[in-house]
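I opened the model to look up how two domains of one chain meet. My notes follow.

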Amino acid sequence: MQLKNGKIKDFMMNYALYLIMLLIVIIIAIISPKFISIRVFRDILTQSSTRMLVALGCMFIIVSGSADLSGGRVVGLAAVVSGSLAQQAAYANKFWPEMGELPVIVPVLASVLVGLLVGACNGYAVAKLKVPAFLATLGMQMIAYGVNCLYFNKAPNNSQPLGGYQEAFGNLGTGQIMGIPILVIIALALCAIVWIIQTRTCLGREIFAVGGNANAAKVSGINVFKILMITYMLAGALYGFAGCLEAARTGSATSSYGLSYELDAIASCIVGGCSASGGIGSVPGVIAGVLIFNIINYGLTFIGLSSYWQFVVKGLIIIIAVAIDVRKYAGKN
Amino acid sequence: MEATKYVLEMKHICKSFPGVKALDDASLTVRAGTVHALMGENGAGKSTLMKCAFGLYQPDEGEIRIDGNVVSLPTPKSAMLQGISMIHQELNPIMTRNVMENIWVGRVPYKKVAGVHWADDRKMFQDTQKLFEDLGIHIDPKEKVSNLSVSHCQLLEIARAVSYGAKVIIMDEPTSSLTETESELLFAIIKKLTAQGVAIIYISHKIEEVLDITDEVTVLRDGQLVGNWPTKELDMDSIVSKMVGRDMTNRFPKPEHTPGEVFLEVSHLTSAVPHSFTDISFALHRGEILGIGGLVGAQRTELMESIFGLRPIASGTVRIDGEEVKIGSPQEAIRHKIALLTEERRVTGIIPMLSVGENIVLANQTANHKRYTGGTGFLNYAARTEDAQKYVESLSIKTPGLKTQIQYLSGGNQQKALLGRWMLLEPDILIMDEPTRGIDVGAKYEIYCLMEEMVQNGKCVIMISSEMPELMGMSDRIMVMCEGHLSGILNRDEVSDERIMYLASTYEKGESEYATEKR
């Protein structure tokens with residue numbers, strides 16, 4: 001009987017935020033009925049796609065019981081790096097004037113590599129040097145931004161926004177296949193891959209174990225250092241790829257790209273049911289979390305509310321989500 | 001010492017915690033100006049009683065009198081203001097501040113200049129110096145505490161207690177981390193304090209020390225008062241038998257083993273961590289349960305965790321089946337078929353929010369990927385479920401299902417699930433650290449049966465236990481440690497409570513008449 005009551009309570013706690021989201025959608029739709037349309041739906045999905053990748057990376061980190069503040073700046077760095085390698089040969093203001101046109105795979109791989117590198121540094125600092133994750137990744141956030149600015153300011157570019165991408169590169173961000181944006185397809189594919197890694201591989205289960213109780217995982221023969229390194233690198237790769245897609249989607253890139261994406265991603269994860277103390281989190285939850293935030297973003301703009309209000313609403317949702325999270329897990333231990 | 005006035009009287013104290021009656025009519029009366037030893041085995045209730053005296057716990061029943069007046073001690077601060085101070089076993093000074101600030105913390109003297117209160121450093125310095133002079137302590141009051149040795153930190157705590165005007169100072173294992181010279185210094189200060197009329201309650205497992213420096217001895221057993229005697233009427237043996245004297249009940253599957261050849265051989269193992277264990281040698285035979293006895297601080301857990309690769313080793317060798325092995329991590333230990341069921345189930349055992357099934361397959365999944373992926377890289381859930389289910393059944397783990405989060409299971413069932421985690425690896429050596437602590441009798445018996453089964457199959461078991469009946473009931477041989485040293489290994493036919501307690505309190509191998517060489 002007690003268990004059943006507990007389940008009802010769990011249910012209420014798990015779905016409180018979805019109910020709030022539903023309420024917001026209803027309010028927006030009442031104010032502006034055009035909100036309920038295919039176009040709006042597609043826009044929201046497209047905008048959510050790059051955010052989705054950052055959130056997936058963040059989910060790996062949070063499930064492993066760690067934290068990562070570097071995500072947004074890695075997106076920015078990867079956007080500039082990939083953008084600078086994806087320009088047309090004929091473009092007047094080329095970042096590398098001497099360079100010819102590169103195959104599209106090069107900027108894509110470069111962005112992923114940048115992410116992997118930053119992730120490896122994060123992982124090493126956290127797992128080997130034992131720097132608290134919050135501080136290690138705060139440091140990396142600054143380093144990534146600094147490096148990005150230095151690169152972006154290189155002559156002859158001198159901090160001018162990038163542009164003039166090859167068509168194939170731009171298509172990654174703006175193209176459609178049978179009416180479905182390529183971005184959305186990529187995001188869905190990555191969601192599926194991450195879900196498989198998380199639930200169907202030893203690595204995925206070991207990440208859960210490390211996040212749930214790193215000491216116990218260590219005693220049980222799990223190489224905690226290795227797992228944390230891989231986790232941070234996976235997250236980094238996702239951030240990097242997100243940066244590349246962000247450049248492709250907007251047809252440009254500057255060093256200020258990706259600003260505070262990591263905070264939105266962390267918020268999406270927590271709202272999507274990841275436990276801030278590690279060991280709990282799922283892909284469907286994170287998808288829901290990302291959608292909630294983008295619906296709020298888009299919806300509030302749609303009804304003409306000042307974008308500043310978005311911050312207030314998002315902030316409130318984060319606090320409510322964590323307050324619920326704490327109650328959900330604190331009582332059980 | 002002819003002091004007759006009781007400064008502290010604790011009468012008929014009872015204190016229960018969920019599931020445990022820690023104190024059951026325990027009493028302690030201490031005279032002013034004496035050193036009073038409080039003795040008993042681990043879990044006898046010494047610490048609980050002292051925490052009641054120091055205001056950390058509230059007794060359920062009984063009364064506490066100071067100087068004949070009934071008092072209530074809701075907090076440590078009220079205890080200190082009424083003259084009771086406690087020097088904890090693990091000291092906790094504010095490392096980043098200096099000596100005098102630590103002594104006067106919360107009571108820093110102030111002076112008023114220009115209408116503002118300023119900390120009066122000069123007065124604080126002078127007061128500290130005077131305090132130290134009276135006690136014969138030589139520490140610079142302005143020294144940073146992080147630069148002090150453990151012994152000096154302890155003296156600092158004592159000075160702090162005196163500065164509160166303590167009438168009773170409780171010392172919990174004060175010499176456990178001191179060298180001999182440092183101990184002598186402590187004893188000299190204790191003499192000074194008693195000469196000033198302060199009473200000392202002295203908790204120690206070192207019986208020689210107790211015989212040397214105390215005036216009276218109170219013995220507790222299972223939360224009850226055994227009695228109290230003037231120290232001069234006692235000797236080593238009588239103290240031990242008073243501490244132990246309890247009935248052995250038949251709660252164990254009677255082991256009749258014929259141990260085979262040596263399987264694990266540990267020689268001269270010394271920890272890389274200072275003040276941990278040194279020069280430990282023992283052999284473990286196939287089909288044998290080796291019990292490890294000792295008191296808190298004997299470094300038994302540290303020894304086993306070092307063998308398992310969790311802690312660094314400075315020197316010494318470990319041989320398995322004749323071959324020398326170097327184990328630097330749990331992964332390597334598991335590869336050599338060693339399993340370690342740790343002492344702290346919650347800290348190093350369960351992954352609370354993961355399911356029972358997940359917890360059971362955890363170690364095997366990491367060690368033997370192929371069992372669950374069939375080489376494809378993707379997990380086959382059926383194999384996982386099958387393995388987990390097997391142990392849920394064979395260990396009769398009571399759980400609503402494999403998917404239930406393990407944190408909802410009772411302690412005993414969590415422990416059995418963790419045992420399942422290790423059994424799945426089919427270990428040759430199973431090390432169990434306090435395997436039955438805090439679990440119910442039924443689960444205990446099942447764990448004993450499982451140990452038996454391992455041994456019947458020619459595997460070996462090492463069991464650290466502080467429960468004397470369990471240690472004696474299950475072990476083929478008992479290795480006793482004291483303060484990081486091996487003080488003796490007892491064969492089954494020479495085991496007795498007294499001998500174990502004796503060895504656990506004396507580590508000089510030469511002095512210990514019971515110490516036997518390993519077979």
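How many residue pairs in polar contact does the rule find across the interface of domain 1 of chain B and domain 2 of chain B? I found zero, counting pairs with both residues at pLDDT 80 or more. A polar contact is a pair of N or O atoms within 3.5 Å; within protein, one must be able to donate a hydrogen and the other to accept it, and residues adjacent in sequence count only if both atoms are side-chain atoms.

I noted the ground rules. This is a predicted model, where local features need pLDDT of at least 70, side-chain atom pairs count only at pLDDT 80 or more, and totals for chains, interfaces and linings use all residues. Residues are numbered from 1 along each chain, chains are lettered from A, and side-chain values use heavy atoms, without hydrogens and water.

I looked for salt bridges (a side-chain nitrogen of Lys or Arg within 4 Å of a carboxyl oxygen of Asp or Glu). The rule finds zero across this interface too.

Next I checked the area. About 1200 Å² is buried between domain 1 of chain B and domain 2 of chain B, and carbon and sulfur atoms give 61% of it. Buried area is the accessible area (1.4 Å probe) lost on putting two parts together, summed over both.

Which helix gives the most to the domain 1 side? H8(B) does, with six residues. I took helices as DSSP runs (H or I, at least four residues), numbered from the N terminus.

I then checked the domain bounds. Domain 1 of chain B covers 6–93 + 148–244, and domain 2 covers 251–337 + 427–519. These bounds come from an automatic or database domain assignment.

Methods. Helix = DSSP H or I, 4+ residues; strand = E, 2+ residues; numbered from the N terminus.
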